[in-house]
Amino acid sequence: MDVGEAKDRIEAAFGLGELSSGAYSGAWAATAGRDVLECRTPIDGRLLGRVALAGEDDYQQVVGASVQAFREWHRIPAPERGALMAAVGAELAAKKADLGLLVSLEAGKTITEGQGEIQEAVDVARLAAGLGRQLYGLTIASERPDHSLREYWHPLGPVGVVTAFNFPAAVWSWNALLGAVVGDSMVWKPSSQAPLTAIALTRLVNGVLQAQGAPPIFMLLVGGGRTVGERLLEDHRLPLISFTGSVATGRHVAQVVAGRLGRTILELGGNNGAIVTARADLELALKGVAFGALATAGQRCTSTRRVIVHAGVYTDFLARLGHVYRMARVGNPLEDGTLVGPLIDRPAVASFLDALERVQAEGGRVVCGGEPETVPGCEGGHYVRPTLVEVDPTCRVPLEETFAPILYCYRYQSLDEAFAIHNSVPQGLSSAIFTTDLREAERFLSAQGSDCGMANVNTSTAGAEIGGAFGGEKETGGGRESGSDAWKAYARRVTSTVNYGYELPLAQGVSFPV
Ligand code: UN1
């Protein structure tokens, strides 16, 4: 599909071509008198739409409305909230083709990845629907006679959700739809590089709620870090801030929110490694590593950035990987056969080149790629050749996350050495081992193996299902989102002791003879 055709389709579906309001508080704010953001596709630089940014008054209006919405929403029984999430999921599924295309246009993803991202949001909505009847608390054996000890999970309040450009729909859904079923309202600050997807989603989900007679709870603030972002961090009305983005910004978020003793969920940088052992199925490993490193042009926090290969298969594996890299089609992600789309903007290309210059200065050897690519018909886009770099553990640049398709290749002799290289980075999001040897796989999954929040065997570091808890350790920030019991982060836990007897026995055998 060509960009113009995709734009027309999006225009027909969502009408985002003119000036759209970027502030939603149950109603859309006026656009007059606001700063205007121009949204361009990274595919060829064409203008997709313009957004009126939220100002100070809009901020107050939106956060105030989220407090009001919370009061009403959290009183709706959780199974009903779940049923509303099922309706949201059905609407997302019905609009998947157009929403996915919008993601592809705005974030530069291939068609299948754009569609996959909306499917991820549909999956989360279905999970939330089921959770509406499963927000279980514990009952705990009390040490005292005629006492019960229980836990309740109550809604927390309005939640601030700050997302990045690379998953403009899925990461929002992890937070917003799970928070919603728990009983929270939401204030979403999307990336200024992907606000149109956010506007389309905000219209869609609140439209579903309103059609069912429920209050709109998914508020939106498109705006700058200083006007909107900082205010959210400092705002006592928001007990929780969920932030996805860089380690540097995440550190700031953590400090500011901790300063007011608020809570955070942090999903920060990844620097994910894949170990390919001498007993790997090399064809499978090749596919897993290539997908992990090349999908979304290396702009996932789960992207494979380092491959650590056993010396016995290193030359063979690198030759095969080099072939895949040289053949990989870089280009318009809307066209069939494209594997690697554009980077999000020009500074991303500069970071790619800068990392390569620095890693070569410290002894890294570029095997293939390494330069920007001009794509005919997409001259205004930001394309680079996917790049393999041979490094050794003394190199420092591979310890950083660069949001680009650079894969650093290491050679190892013993599995302990592979684990040491693997765990040597400050981030700890996702990881993988490719092996057919049960012992190697289990050692990787043990406490002596991968130090990451996610550890996979014979599949990629990228492309997690929503059913598991998503998140990482170390500088990745420790947050968990999406599946498993991640919903608990959007709730407050109440521990309750009930004495149904006639005496007042005290815990720990303490006596208090009044
Ligand atoms: C991200 O890059 O921030 O696991 C999220 C994956 C996707 C989500 C990535 N399901 O690659």
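This is a short tour of a predicted model, going from its domains to its ligand.

**Stop 1: the two domains.** Start by colouring the chain by its domain assignment. Domain 1 is made of 3–268 + 477–493, and domain 2 covers 272–465. Now turn the model until you can see both. Their centres, taken over C-alpha atoms, are 30 Å apart. Where do the domains touch? Select the residues in contact: 23 residues of domain 1 meet 24 residues of domain 2.

**Stop 2: the ligand.** Next, select the ligand, which you'll find in the second largest pocket. Which domain supplies its neighbours? Both do, with at least three residues of the shell coming from each of domain 1 and domain 2.

**Stop 3: the shell.** Show these residues as sticks: E120, N166, F167, W174, E267, R300, C301, T302, A462, G463, A464 and F470. Try colouring them by class, and you'll get 6 nonpolar, 3 polar and 3 charged residues.

**Stop 4: the polar contacts.** Zoom in on E120, where a polar side-chain atom lies 3.1 Å from a nitrogen atom of the ligand. Then hop over to N166, whose side chain has a polar atom 3.2 Å from a ligand oxygen atom. Turn on the backbone for C301, since the side chain isn't what to look for here: a polar backbone atom of C301 is 2.8 Å from an oxygen atom of the ligand.

**Last stop: the surface.** Switch on a surface for the protein. How much of the ligand's accessible area does the protein cover? On its own the ligand has 320 Å², and the protein covers 98% of that.

Notes
Residues are numbered from 1 along each chain as its sequence is written. This is a predicted model: local features need pLDDT of at least 70, side-chain atom pairs count only at pLDDT 80 or more; totals for chains, interfaces and linings use all residues. Side-chain values use heavy atoms; hydrogens and water are left out. A residue is near a molecule or strand if one of its heavy atoms lies within 4 Å of it. A polar contact is a pair of N or O atoms within 3.5 Å; within protein, one must be able to donate a hydrogen and the other to accept it, and residues adjacent in sequence count only if both atoms are side-chain atoms. Accessible areas come from the Shrake-Rupley method with a 1.4 Å probe; for residues, only the protein chains shown count as cover. On a 1 Å grid over the protein atoms alone, a cavity is a set of points where a 1.4 Å probe fits but cannot get out, and a pocket is an open set with protein on both sides within 12 Å along at least five of seven lines; lining residues have an atom within 4 Å of a point. A molecule sits in a cavity or pocket if more than half of its atoms lie within 2 Å of its grid points. Ala, Val, Leu, Ile, Met, Phe, Trp, Tyr, Cys and Pro count as nonpolar, Asp, Glu, Lys and Arg as charged, and the others, Gly among them, as polar. Domain bounds come from an automatic or database domain assignment. Contact means heavy atoms within 4.5 Å.
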